[in-house]
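This report introduces selected features of one structure to a reader who has not met it before. It takes up one residue and its surroundings, then a metal site, then a group of rings.

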Amino acid sequence: MNRILIIEDEVKTANSIKQGLEENSFLTETAYDGNSGLRLARKGNYDLIICDVILPGQNGKEICRSLRAEQIHTPVLMLTALNSVSDKLEGFDSGVDDYLSKPFEFRELLARVRALLKRHPQIVQTATILKCADLELNLDTRKAVRSGRTIDLTLKEFALLEYFMQHANRVLSKAELAERVWGIDFDTGTNVIEVYVNYLRKKLEAEGAPRLIHTEFGMGYILKDQA
Ligand code: CA
């Protein structure tokens, strides 16, 4: 499955792109500002980045320029409200691979995404394995292993654990988890996060393995590599 990073500060647009891509069997991750987008783009194992131009923090062109300067050649599809030729030329100059002007229809975005992926099939991704204590998560094979024991996870459990592992040793609020993993606005009435954290704990702590996901009372959860 192809992994796509979406960097877009309009939450509604970001979420509708995410939803559409997931319905078409892409794996996605979302950043809502330039700085976290760049951070993810640097370490993530993505096949494509969809990036808005105007973002809080670094803008789309700056992100693209930084990635290219660091020899990261993940194709970038830039979303822009600007439609002038000079803006586009400046963007191509910074290493953008293609443009899509807002507003667009999702099927056009999908066609551009597929075309870009076709043009860049030769990108060989090295296996990305996230580690925390004795837990390993392989993002290519989508496998979780703890102390040699394979853990079967559902898609959502995997996505939640991946998010925890990418942000290990940091307290994550329920609002952040709701927004980043579920793509929903956190509504205090929902207990979906607690439910999924409990599913994960049950699976991770089988056979008496020590707890990795801890509750920070009144704040959220933290994945820690030591007790
Ligand atoms: Ca924007």
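## The surroundings of R3

A polar atom of the R3 side chain lies 2.9 Å from the backbone oxygen of N45. The model in which this contact appears is a predicted one. The side chain of R3 is also joined to that of E162, by a polar contact of 3.4 Å.

R3 is located in strand β1. Its relative accessibility is 6%, so R3 counts as buried, the limit for that class being under 20%. Leaving aside residues up to four places away in sequence, R3 touches L27, E29, N45, Y46, D47, L48, L139, R142 and E162. N45 and E162, the partners named above, are thus included among the residues that R3 touches.

## The calcium ion

The calcium ion has D9 (OD), D52 (OD) and I54 (O) as its protein donors, at 2.1 to 2.3 Å. Along the sequence, these donor residues follow the spacing D-x42-D-x1-I. D9 belongs to the loop between β1 (3-7) and α1 (11-23), while I54 belongs to the loop between β3 (48-52) and α3 (60-69); the pair therefore ties together parts that are 45 residues apart in sequence.

Are these two loop residues, D9 and I54, buried or exposed? D9 has a relative accessibility of 30% and so counts as partly exposed. I54, at 60% relative accessibility, counts as exposed, because the class begins over 50%.

## The aromatic rings

How many aromatic pairs are there? The count comes to two, with ring centres required to lie within 6.5 Å. In one pair, formed by W182 and Y196, the ring centres are 5.4 Å apart and the planes stand at 70 degrees, so the arrangement is edge-to-face. This pair links distant parts of the chain, since W182 is in helix α7 (residues 174-182) and Y196 is in helix α8 (residues 192-204), 14 residues apart. W182 and Y196 are both buried.

The rings of Y196 and Y199 form a pair with centres 5.1 Å apart and planes at 75 degrees; this pair is edge-to-face because the angle is over 60 degrees. Y196 and Y199 are three residues apart in helix α8, so about one helical turn separates them. Y199 has a relative accessible area of 39% and is therefore partly exposed. Through these ring pairs, W182, Y196 and Y199 are linked into a cluster.

Methods: Residues numbered from 1 in each chain as written. Predicted model: local features only at pLDDT ≥ 70, side-chain atom pairs only at ≥ 80, totals over all residues. Heavy atoms only, no water. Phe/Tyr/Trp six-rings, centres within 6.5 Å; stacked < 30°, edge-to-face > 60°. Helix = DSSP H or I, 4+ residues; strand = E, 2+ residues; numbered from the N terminus. Buried < 20%, exposed > 50% of the residue type's maximum accessible area, 1.4 Å probe, protein only. Donors = N, O, S within 2.8 Å, 3.2 Å for Na, K, Ca; no water. Polar contact = N/O pair within 3.5 Å; in protein donor to acceptor, adjacent residues only side chain to side chain. Contact = heavy atoms within 4.5 Å.
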